[in-house]
Amino acid sequence: MAKIKVMSAGAVEGPVSELAPEFTRASGHEVELAFNTVGAHRERFIQGEKTDVIILSFPVIETLEKEGHFNAGSRTNLGCASCGVAVRDGMMMPNIATVENFKRMLQNAGSIAANDPAHGGSSGIYFADLLKRMSLYDEVQPKLFLCKTGRDCALALLRGDAEIGITFTSEFIAVQGTRVVGPLPAEIAYVNGYAGAIPKDAAQEPARAFLTFLASPSSKARFKAYGLE
């Protein structure tokens, strides 16, 4: 049996981490998982790092596909993550039902954990741009506790490094002790789709079997449990 390497965006870490051992038990193929931001994985991949499956956001997968990096027809859509707000269990849940309430939360919060855009996290890039569009960047930036990954944002809440966390809700759900407040208000919502693909020099058969397993109805239910529709 083969051992396959999977480079994956952190937004799908929860379900993929749970499903990989189940795939191994069912197929005999071992799975080595590496989670990071979309930007970090993209850079490593185009610079030559080898992987059998890569799971990134729709736009990046589409670009790499057009550039000819993948086996034709190997792209497999897995789910869509919504950017949202979370707090540590036991903390007061802020009201983010409207854009005005969301702005008020940002202004009143003492500290906010978010992905560092410099590390290539999709939610961090979006949030930084959103703050600028809302004319809040200069006011909120000093309160930001910037993290390398969405998981780090969740852990920052547990440690008390930040009162509020903002990244994909799927990344908070994967960390026990955090509580999702909800997605961003509809007018400023950010939803990102994620798909897997198989590079041309990958171990083709086990890689295809893994993506087929992730896309099965029972696996889709696991993605949904993490807020990935």
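This is a short dialogue on reading the pocket, the cavity and one backbone angle in a predicted model.

Visitor: Let's start with the pocket. How much space lies in the largest pocket?

Guide: A pocket is an open set of grid points. Here the largest pocket holds about 200 Å³ of space.

Visitor: Which residues lie nearest its centre?

Guide: Those are M92, M93, P94, M105 and I164, out of 13 lining residues. Helix α4 (residues 99-108) gives the largest share of that lining, with four residues.

Visitor: And how does the lining of the largest pocket divide by class?

Guide: Eight of the residues are nonpolar, three are polar and two are charged.

Visitor: Now the enclosed space. How many cavities of 30 Å³ or more does the structure hold?

Guide: In a cavity, a 1.4 Å probe fits but cannot get out. The structure has one of 30 Å³ or more, and the volume of the largest cavity is about 40 Å³.

Visitor: What lines the largest cavity?

Guide: Its lining is made of G10, E13, G14, R151, S170, E171 and A174. Both α1 (13-27) and α8 (169-173) contribute at least two residues each. By class, the lining has three charged, three polar and one nonpolar residue.

Visitor: Let's turn to the backbone. What is notable about phi of S135?

Guide: Most residues other than glycine have a negative phi. S135 is not glycine, yet its phi is positive, near 55°.

Visitor: Where is S135 found, and is S135 buried or exposed?

Guide: S135 sits in the loop between α5 (122-133) and α6 (137-140). Its relative accessibility is 64%, so S135 counts as exposed, the cut-off being over 50%.

Conventions:
Residues are numbered from 1 along each chain as its sequence is written. This is a predicted model: local features need pLDDT of at least 70, side-chain atom pairs count only at pLDDT 80 or more; totals for chains, interfaces and linings use all residues. Side-chain values use heavy atoms; hydrogens and water are left out. On a 1 Å grid over the protein atoms alone, a cavity is a set of points where a 1.4 Å probe fits but cannot get out, and a pocket is an open set with protein on both sides within 12 Å along at least five of seven lines; lining residues have an atom within 4 Å of a point. Grid points are joined across faces, edges and corners, and a volume is the space filled by probe spheres set on the points. Ala, Val, Leu, Ile, Met, Phe, Trp, Tyr, Cys and Pro count as nonpolar, Asp, Glu, Lys and Arg as charged, and the others, Gly among them, as polar. Buried means under 20% relative accessible area, exposed over 50%, partly exposed in between (1.4 Å probe, protein chains only).
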